Amino acid sequence: MFESLSDKFSGVIGDLGKRGTLTEADVAEAMREVRLAMLEADVALPVVKDFVNKVKERSVGAEVLESISPGQAVAKIVNDALIDALGGAGAVPLNLNAAPPVPILMVGLQGSGKTTTSGKIALRLATRERKKVLLASLDTQRPAAQLQLQQLAERAKVASLPIVAGQTPVEIASRAMDTARREGYDVVILDTAGRLSIDEALMDEVRQIRDVTHPAETLLVVDAMTGQDAVNTAKLFNEAVGVSGVVMTRMDGDARGGAALSMRAITGAPIKLTGSGEKLDALEEFHPERVAGRILGLGDIAGLVEKAADTLDQEEGERLAKKMMAGKFDLDDYASQIRQIQKMGSISGILGMLPGMGKMKDMVDEKKLDTTIFKKHQAIISSMTKGERKTPDIIKASRKKRIAAGSGTTVQDVNKLLKQFDDMSTMMKRVNKLGLKGLMRQASA
Ligand code: GDP
């Protein structure tokens with residue numbers, strides 16, 4: 001997700017950052033490239049126009065162009081405009097502020113990932129917020145749908161409404177709410193039927209269920225891979241039944257990212273959660289500022305710290321992140337990071353979160369779990385002296401040969417690693433300059 005967009009954005013913004021002076025024409029030229037990149041990523045045209053105009057307006061003028069580092073100033077403006085397009089800073093949390101049982105209505109087209117997402121949300125609320133959750137499938141269209149949800153509930157270790165044959169969706173919804181009231185559930189997740197396309201019958205059914213349950217959240221599930229169709233679907237759903245939030249699934253795929261960037265402006269509905277895999281724990285909060293960081297190649301350190309905290313050594317994760325932010329990250333830290341990454345699972349997903357590492361994704365074959373590149377890097381680093389690991393700049397040609405021989409690699413491999421590390425350091429400095437330190441505090445709070 002966002003890969004080609006990120007390649008282009010980080011290229012254009014990186015170039016600007018390197019220049020000592022900038023003219024209006026330089027900014028205009030950069031914005032031409034940004035515009036093309038956004039259109040290629042399937043961002044809706046009005047959103048692209050608005051974005052480019054905003055950046056141009058804020059960039060021209062003495063204050064920015066004549067500042068000490070105009071490139072950095074423009075990068076900050078682009079970063080802010082991206083955050084705006086993605087919905088504004090901060091994740092929008094699920095609204096569970098209602099007397100229990102709180103109904104959450106799940107809507108969307110068939111195949112969007114609605115049922116899976118219902119299970120993911122149930123698991124998240126049950127484990128992180130200790131809610132007593134009841135899952136209920138209102139899908140009477142597909143015979144296997146109710147069974148599928150029941151199995152998901154078992155995997156998530158939450159309750160599901162017993163299946164009663166012959167009931168209408170509205171009857172099942174009422175029964176779910178009655179059961180929840182009687183048995184003291186905190187949250188009821190109602191998974192409605194999907195259709196292959198939007199039709200009046202589907203919308204009617206959703207409206208009827210909405211009117212008997214009064215949901216606190218009506219969450220629309222859309223597939224990021226469908227691009228602008230996802231945005232159009234959201235627009236239609238919002239107009240017909242009212243949508244309080246969007247869950248965008250398949251963020252783990254190679255969707256170009258246009259849907260995420262267009263959603264808020266075109267539909268008005270915030271993206272609240274994203275799905276990044278088939279497993280039940282592959283659900284994340286949507287933080288526009290972190291996504292913007294990833295698009296600009298600045299990584300997502302806050303997201304990384306959270307993920308590390310969930311899966312492994314929290315102290316180590318925080319220690320590394322702090323060193324990154326302080327610009328004191330060295331090759332020993334990088335080796336420690338590789339060990340953590342290997343423990344964390346989805347490698348390409350994590351690489352996108354590391355400043356300057358996005359491009360390495362191509363070198364790692366996720367499916368085969370081919371992490372040879374990391375093993376190589378670990379071998380090379382362990383053949384260096386302590387001093388070399390702290391300040392790699394001191395490594396001269398003769399030492400490179402020895403390090404290569406000692407690690408069973410080539411001088412070219414050693415050079416590649418050093419170049420990679422250099423890129424990371426540059427990106428980390430840029431992250432610091434953009435003042436994203438607040439993110440760290442937020443993540444470790
Ligand atoms: P529904 O028809 O909308 O209820 O869709 P399902 O929940 O049955 O999901 C359809 C398929 O998409 C299933 O194979 C899911 O495992 C898969 N799926 C759902 N969410 C994601 C996601 O975020 N990433 C990936 N890769 N697959 C997903």
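Here is a friendly exchange about a predicted model and the terms used to describe it.

Me: What makes a local feature count in this predicted model?
Reply: Local features need pLDDT of at least 70 and side-chain atom pairs count only at pLDDT 80 or more, while totals for chains, interfaces and linings use all residues. Residues are numbered from 1 along each chain as its sequence is written.

Me: Good, now the sheet. How do you know that E1 and E4 pair?
Reply: Helices (H or I, at least four residues) and strands (E, at least two) are DSSP runs, numbered from the N terminus. Two strands pair if DSSP finds at least two bridges between them. Strand E1 (residues 102-108) and strand E4 (residues 187-191) have 5 bridges, in the parallel sense, so they pair by that definition. Leu-105 stands opposite Leu-190 in E4.

Me: And what makes E2 and E3 a pair?
Reply: They have 2 bridges, in the parallel sense, and the definition asks for at least two, so they pair. Leu-134 has Ala-159 as its bridge partner in E3. Between these strands the chain passes through helix H7 (residues 145-156), in a right-handed β-α-β crossover. Right-handed means that, with the strands pointing away from the viewer, the path from the first strand over the helix to the second runs clockwise. E2 also pairs with E4, in the parallel sense over 5 bridges, and there Leu-134 has Val-188 as its bridge partner.

Me: Which strands stand at the edges of the sheet, and why?
Reply: The open sheet of 8 strands runs E3-E2-E4-E1-E5-E6-E7-E8, with mixed pairing. Strand E3 (159-160) and strand E8 (283-285) each have a single partner strand, so one side of each lacks a neighbour in the sheet.

Me: Why is strand E2 called mostly covered?
Reply: A residue is buried if 20 or more other C-beta atoms lie within 10 Å of its own, exposed if 12 or fewer, and partly exposed in between, with C-beta atoms placed from the backbone. In E2 (residues 133-137), 5 of its 5 residues are buried. Val-133, Leu-135 and Ser-137 point one way, and Leu-134 and Ala-136 the other way. In a regular strand the side chains alternate between the two faces of the sheet.

Me: How do you know that the buried residues of H9 line one face?
Reply: The buried residues of H9 (residues 200-213) are Leu-202, Glu-205, Val-206, Ile-209 and Thr-213. Seen down the helix axis they fall within an arc of 95°, so they line one face. The arc is that of the directions from the helix axis to the C-beta atoms. On the other side, Glu-200, Asp-204, Arg-207 and Asp-211 are exposed.

Me: Why is Lys-157 called exposed?
Reply: Lys-157 has 12 other C-beta atoms within 10 Å, so it is exposed. This residue lies in the loop between H7 and E3, and its phi is positive, near 55°.

Me: Why is Arg-250 buried or exposed, by its count?
Reply: Arg-250 has 21 C-beta neighbours inside 10 Å, so it counts as buried. Arg-250 sits in the loop between E6 and H11, with a positive phi near 55°.

Me: What makes the bond from Pro-100 to Pro-101 cis?
Reply: Its omega is near 0°. Pro-101 is placed in the loop between helix H5 (70-86) and E1. Most residues other than glycine have a negative phi, and most peptide bonds are trans.

Terms used:
Expected span 1.5 Å × (residues − 1).
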